Amino acid sequence: MAPGSAAAPAAVGGSRTSAAVRRVAGKLGGLLLTLFLASLLVFFSRFLVPGDPVRFLLRGREPSAEAVAAVTAQYGLDLPPWQQYLNWVGGILHGDFGRSLQYRQDVTIVIAERLPVTLLLVVMAGSIIAVVGLSLGTVAALNRGRALDRLTLIALTTLGAIPSFVGSIVLIAVFAVQLGWFPSFGSGDGFLDTVYHLVLPSIALALVFIVLIGKVTRSAMVEQLRREHVEVATSRGLARALVVRRHVLRNALGPIITVSGILVAGLFVASSIVEAAFGLSGIGSLLVQSVDRLDFPVVQAIVLLVVTVFVVVNAVVDLLEPWIDPRSTAGDSAR
Amino acid sequence: MTRPAHRPAALVIAGALSVAVALAGCSAAEPASVDTIDWSLTDQTAAPSGDIDSFDWVSYAEPSSLDYAYAFDYADNQVLANVCEALLRLNPDFSLSPGLAESFAHPTPTTWVYTIRDGVTFHDGTALTADDVVASMLRHLDPAVGSYWYSVYQNVVSIERTGDREVTVTMAGPDSVFNLAMGSSAGVIESAATLASAGAEYGNSTGGVNCTGPFQLAAWKAGESITLTRHEDYWDESLRARAASVDILFMNDANARVNALKSGEVDGGWMIPTEAVTQLNESGSGEVLFGLTTAVSSLIVSDTEGPLGDQRVRQALLMALDRQGIVDAALRGVGEVTDVLTTESVWGDASDSAFAAAFEDIESYPYDVEAARALVEEAGATGEQIVIATAPIASEFAVISQATAAAAQSIGLEAKIETVSPSAYTALFADPSAREGIDLFFTSWYLSSPDPLEMYAVLRTGEFSNYGEWSNAEFDAIVNEAVQIDDPTERTENAAEAQRIANEQLPWLPLYTAPMSMFLGERITGVTPSIAFLYYPWAATIGAR
């Protein structure tokens, strides 16, 4: 009896743990499968693009036949595609993304030299989006139906309608050229100077995305505000701020975090426009330039990087969700 | 035999001006609403009042590499020209003078002997030797390097040290063009030790370069800027750097460049978009200057099997083009209509008679739609279709393709514009299969040596860049003979004859020549606006205003 009664709770605990492990393992498996499929797509799509990388390397001058052969072999382009793929994936697993055709340099160096600017830009823009988007959404939700709500919604929609390149041009014209408060280009030297240089670019990048977070926050909170438990909490005389924080905002976090996952990838992609406008040397502008110049190894590495960030962020969001909102694992019956 | 290397200059601006195109597109399509700019050529800006600590310069793109073997672009060469020097020096007036070779001799028709200058040091302090010259030049012949300047070296049999300070280049046959190219990046000399130690990283942002120029590479912030500092032990006192350091900033976005110049954050830049000239001049932070060019903008006839295979149709199309209208609309008047494929600037060695034959005794194709229509009818080409390729590269591309299509239609031809991506457009210059079905495409073609033959050698039968496979036996014979003539003045007699034939037969349709533009801020002076900035250390003479 004793061992049995001792075993029962252990089994329950064990099944709970193993369920969690299975969930995480399942997620990881899905993640690896997604990355594998993405790597196939990223690698083989280059064969669909017209243009011969060797012709690019020799820039259309009349090359000697030996030069064509030598350059083809140097970049492993004489191998069958599947073998090129295996070499590529094998290299990546060892941290080697190949050589950039344009810069004649290791892709890892080309990217490493430009990644910090983009990361800082995305982090700064993300912070602006989080603070401004959440605040505006909360203000609108708490004043739903009133003038302030409508005004916020109009402001959000207007911001969302401004394309990043227009936002950049306006910000440069006003705050850099006219007022001279901020520099109009470059990323500066040292951390603080870089942050200063990235203020306008991160605002330009954030503008479009604020509307997304703002509107999701508003609708998620409005939905929660109508719920019974909020009314019960309010009727029990709990302070308004506490009700909003504990019962409304916390329950509304789910959709907000889900959208944030998508947003991260969006920020990386949209950064190309802002980086070009502000003369910043980041991953985004590097991607655009590399596509234009048929620099396949760099394009493949950046796309794979962005896909990885996207997939990982979403997997993390999925894993975090039950922690934030236990209902998502318990199933609908618990609601 | 010789194939001096050039590059379709307009392509270089690819991508950089895309935003400008979008913004300028509407105004450029309506010539009536565009004000033309008053302009004149500037030979030399005022001498500096003194040295300057530093100045900032803006470039439309980052150099892909500072390896001279791959320096074939405005972006690469405008930096490299200040850091690395060649055997000969190409001056702003497009004359050649001794560089790292203090003299050269041509003892037999197939040998060039260079005497290497004494007392020259590389940026790392080591002395220049004949071995460095041999090692630097041999790289162009190495298939594993894949040099962009290979065509200059294709007739070279051997490059050897034949004396303490002497290097002899032996050619397979007489080749006058080889020596002329030694003033371009094809003649650049790097330290042999640096080449060996840097290996595959030579010339990139980690490997760097170690040359003899008035400036040395101090820092390369990938994607953003290159910092050059004065080479204190520079051998030529007359070109000692006036600035202790120069920052060359890269801005792909045309608006960003113009803003930086307008606000005075940057002191100058080459190749200013014409749509920005007026606002820059009105900004009060400096002025836009125009200088010598060797580039001619023309339409390449890429299919001589189609309707444009008939000389009369080519002539008719040129006559139906309102070229002055194109210059006004696409370039706000900053340019001149031309009927030939070279500029006067590369005819410095010409005798008066050769010059007159090349620029005066030629056909001028005045705008005359009626006569042009009659020519097309005479050729029996009425109703046939031509395809014009274009790409969103710079604002003039749209204007020119549309004007050409309209001109073709006005003389009874059908015309179709095919818009391709900038990289697909680049492929037109490299890949014969990309040119299938294309009759015409636009280029701005510049020369890197002071000799018109560099242009006409390209149009010989079977040449790689003779895109339309145009063939004329008389033309081939004249050019082939010219390549073997050592006396530059005598050579231009042949070049003039080649120019006359090309002007009559129009393998390419010459449109206009536009001057090299430059913005000079109010802090600095001393630079000569000229396309020679590709190879001449232009930044060395810039000092405080």
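How many residues of chain A are in contact with chain B, and how many of chain B with chain A? In this predicted model, 41 residues of chain A meet 38 residues of chain B. On the chain A side, α2 (53–57), α3 (65–74), α5, α7 (164–178), α11 (240–277) and α12 (283–292) each put in at least two residues. Helix α3(A) gives the largest share, with 6 residues. Sorted by class, this side of chain A comes out as 19 nonpolar, 12 polar and 10 charged residues. As for confidence in the complex, the predictor assigns an ipTM of 0.74 and a pTM of 0.82.

Chain A itself holds 14 helices and 2 strands. Of its 335 residues, 35% are buried. Turning to contacts in chain A with a separation of 6 or more, 71% of them link residues 24 or more positions apart.

One of the helices on the chain B-facing side, α5(A), runs over residues 107–142, which makes 36 residues. From its first C-alpha to its last, α5(A) reaches 50 Å, close to the 52 Å expected at 1.5 Å a residue. There is a bend, though: about 40° at A:L115, with a proline, A:P116, following within four residues.

The loop between β1 (99–100) and β2 (105–106) of chain A is home to A:Y103. Is A:Y103 buried or exposed? It counts as buried because it has 26 C-beta neighbours inside 10 Å, where the cut-off for burial is 20 or more. Leaving out residues up to four places away in sequence, A:Y103 touches A:V110 in its own chain, and B:S64, B:S65 and B:N204 across in chain B. As for A:G284, it sits 181 residues from A:Y103 in sequence, and the C-alpha to C-alpha distance is 16 Å.

Next comes the nonpolar core. The largest one takes in 252 residues, and B:L317, B:I326 and B:Y456 touch the most other members. Helix α9 of chain A (residues 199–225) supplies the largest share of this core, 15 residues. In soluble globular proteins, nonpolar side chains do tend to be buried together. Beyond its neighbours within four places in sequence, B:Y456 contacts B:V479, B:A495, B:A498, B:Q499 and B:A502.

Another of those well-connected core residues, B:I326, belongs to α11(B). This helix covers residues 323–331 and is mostly covered, with 7 of its 9 residues buried. Alongside B:I326, the buried set is B:R323, B:V327, B:D328, B:A329, B:A330 and B:L331. After the helix comes B:R332, with a positive phi near 55°.

Helix α14 of chain B (residues 395–410) has a similar story to tell. Its 16 residues reach 23 Å from first C-alpha to last, close to the expected 22 Å at 1.5 Å a residue. Since 12 of those 16 residues are buried, α14(B) is largely enclosed by the rest of the structure. Among the buried ones are B:E396, B:F397, B:V399, B:I400 and B:T404. B:G412 follows α14(B), and its phi is positive too, near 95°.

How far can chain B be trusted? Its pLDDT averages 89, and 94% of the residues score at least 70. Residues 1–32 of chain B are another matter, with a pLDDT below 50, even though this stretch has 94 contacts in the model beyond near neighbours in sequence. Where pLDDT is low, the predicted coordinates should not be read in detail.

Conventions
Residues numbered from 1 in each chain as written. Chains lettered and ligands numbered in written order. Predicted model: local features only at pLDDT ≥ 70, side-chain atom pairs only at ≥ 80, totals over all residues. Expected span 1.5 Å × (residues − 1). Bend = angle between axes of the 7 residues up to and from the residue. Contact = placed C-beta atoms within 7 Å. Nonpolar A, V, L, I, M, F, W, Y, C, P; charged D, E, K, R; others polar. Core = buried A, V, L, I, M, F, W, Y, C linked by C-beta atoms within 7 Å. pLDDT = per-residue confidence, 0-100.
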